[in-house]
Amino acid sequence: MASESTAQRRRLVVGNWKMYGSRQENTLLLADILAGWEPLAEVDVAICPSFIYLPQVAEALQGSAIAWGGQSLNPDDSGAFTGEVSGPMLADVNSRYVIVGHNERRRLRAETDQFVALQFVAAQRAGLIPILCVGESAEDRAAGNALAFITAQISAVINLAGIDAVARAVLAYEPIWAVGTGKTATPEQAAEVHAHIRQLFGERGEQLTIVYGGSVKANNAAQLFALADIDGALLGGASLNAEEFLAICRHANTAG
């Protein structure tokens, strides 16, 4: 069961569309999501599409209860950085959130903990809510280093931004070995990491929103959301199916 403090935190479900979609596919998906939408008193919802589709998503969701955001950002507000997108640009299309430190960016684009910290600061500077992703590899978990690895990822951001700034953001625990693999952390594994993250922030931790990402589906969401320290989900593939996405949002709304 959820703890008493959980009621003081807003739950959050974010759909990360990654590098999927087209104008036609997006139109159909968004129409299905909006057609099946029900009022959700306890949960905030957002969609993070590819940068090129942000205006389309923003136009479709304008006036709805669903927010939108970016999948990454450059630490600088402007400059000669071909192919990059800045925080002010995301804010200019009324984005609310931006994902930083996603494991795919860390692995495929060699984004270090220090670089992610700069992105985090840039996001808050632009008035965006960063969704800071952290998580261990299968090798780190097997070696018993999962908690130390995650602590180092978070500490790099705290050292630059300050603990209060990080406590105002969203953290997403996404074990690398569970992302897109069909594997999901057991309730015990997820609970241990989420509780550890919350404890890093002391009293501020009770207000910190921590979501789980890693092959979350409609058939396992309720079990995950019932855990005291899990406040929602960062979804990948499940957010590309309207029925699945809406079902997970409803589970988050009734959790606890």
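A salt bridge is counted here where a side-chain nitrogen of Lys or Arg lies within 4 Å of a carboxyl oxygen of Asp or Glu. The exercises below apply this to a predicted model.

**Exercise 1. Decide whether aspartate 231 and arginine 9 form a salt bridge, and state which parts of the chain the pair ties together.**

Step 1. The closest N and O atoms of aspartate 231 and arginine 9 are 3.0 Å apart, and the cut-off is 4 Å, so the pair counts as one of the 11 salt bridges in the structure.

Step 2. Aspartate 231 lies in the loop between helix H10 (218-225) and strand E8 (232-235), while arginine 9 belongs to the segment before strand E1 (11-16), so the contact joins parts that are 222 residues apart in sequence.

Step 3. As for accessibility, aspartate 231 and arginine 9 are both buried.

**Exercise 2. Find the salt-bridge partner of aspartate 229, and place the pair in a network.**

Step 1. The side chain of aspartate 229 meets that of arginine 198 in a salt bridge, with an N to O distance of 2.6 Å.

Step 2. Since aspartate 229 sits in the loop between H10 and E8 and arginine 198 in helix H9 (residues 187-200), the pair ties together parts 31 residues apart in sequence.

Step 3. Arginine 198 has a relative accessibility of 4%, and therefore counts as buried.

Step 4. Taken with the pair of the previous exercise, the result is a network of salt bridges that links Arg9, Arg198, Asp229 and Asp231.

**Exercise 3. Locate the salt bridge between glutamate 38 and arginine 250, classify the accessibility of each residue, and examine the cavity that both residues line.**

Step 1. Glutamate 38 and arginine 250 form a salt bridge whose closest N and O atoms are 3.8 Å apart.

Step 2. The two residues come from distant parts of the chain, 212 residues apart, with glutamate 38 in the loop between helix H1 (23-35) and strand E2 (43-48) and arginine 250 in helix H11 (residues 242-254).

Step 3. Glutamate 38 has a relative accessible area of 40% and is therefore partly exposed, and arginine 250, at 31% relative accessibility, is also partly exposed.

Step 4. A search of the whole structure for cavities of 30 Å³ or more returns 1, and the largest cavity holds about 30 Å³ of space.

Step 5. Its lining consists of Gly36, Trp37, Glu38, Leu40, Leu246, Cys249 and Arg250, a set that divides into 4 nonpolar, 1 polar and 2 charged residues.

**Exercise 4. Check the span of helix H7 (residues 146-161) against the expected value, and describe its buried residues and what comes just after the helix.**

Step 1. At 1.5 Å a residue, the 16 residues of H7 should span 22 Å, and the end C-alpha atoms are 23 Å apart, so the two values agree.

Step 2. The buried residues of H7 include Ala146, Ile150, Gln153, Ile154, Ala156, Val157 and Ile158.

Step 3. Just after H7, glycine 162 adopts a positive phi of about 95 degrees.

**Exercise 5. Determine how many disulfides the model contains, and examine cysteine 48 and cysteine 133.**

Step 1. With a sulfur-to-sulfur cut-off of 2.5 Å, the count comes to 0 disulfides.

Step 2. For cysteine 48, the nearest cysteine sulfur is that of cysteine 133, 9.5 Å away, and cysteine 48 is in no disulfide.

Step 3. Cysteine 133 is likewise in no disulfide, its nearest cysteine sulfur being that of cysteine 48.

Step 4. Cysteine 48 is buried, with a relative accessible area of 0%, and cysteine 133, at 0% relative accessibility, counts as buried as well.

Methods
Residues are numbered from 1 along each chain as its sequence is written. This is a predicted model: local features need pLDDT of at least 70, side-chain atom pairs count only at pLDDT 80 or more; totals for chains, interfaces and linings use all residues. Side-chain values use heavy atoms; hydrogens and water are left out. Helices (H or I, at least four residues) and strands (E, at least two) are DSSP runs, numbered from the N terminus. Buried means under 20% relative accessible area, exposed over 50%, partly exposed in between (1.4 Å probe, protein chains only). The expected span of a helix is 1.5 Å times one less than its number of residues. On a 1 Å grid over the protein atoms alone, a cavity is a set of points where a 1.4 Å probe fits but cannot get out, and a pocket is an open set with protein on both sides within 12 Å along at least five of seven lines; lining residues have an atom within 4 Å of a point. Grid points are joined across faces, edges and corners, and a volume is the space filled by probe spheres set on the points. Ala, Val, Leu, Ile, Met, Phe, Trp, Tyr, Cys and Pro count as nonpolar, Asp, Glu, Lys and Arg as charged, and the others, Gly among them, as polar.
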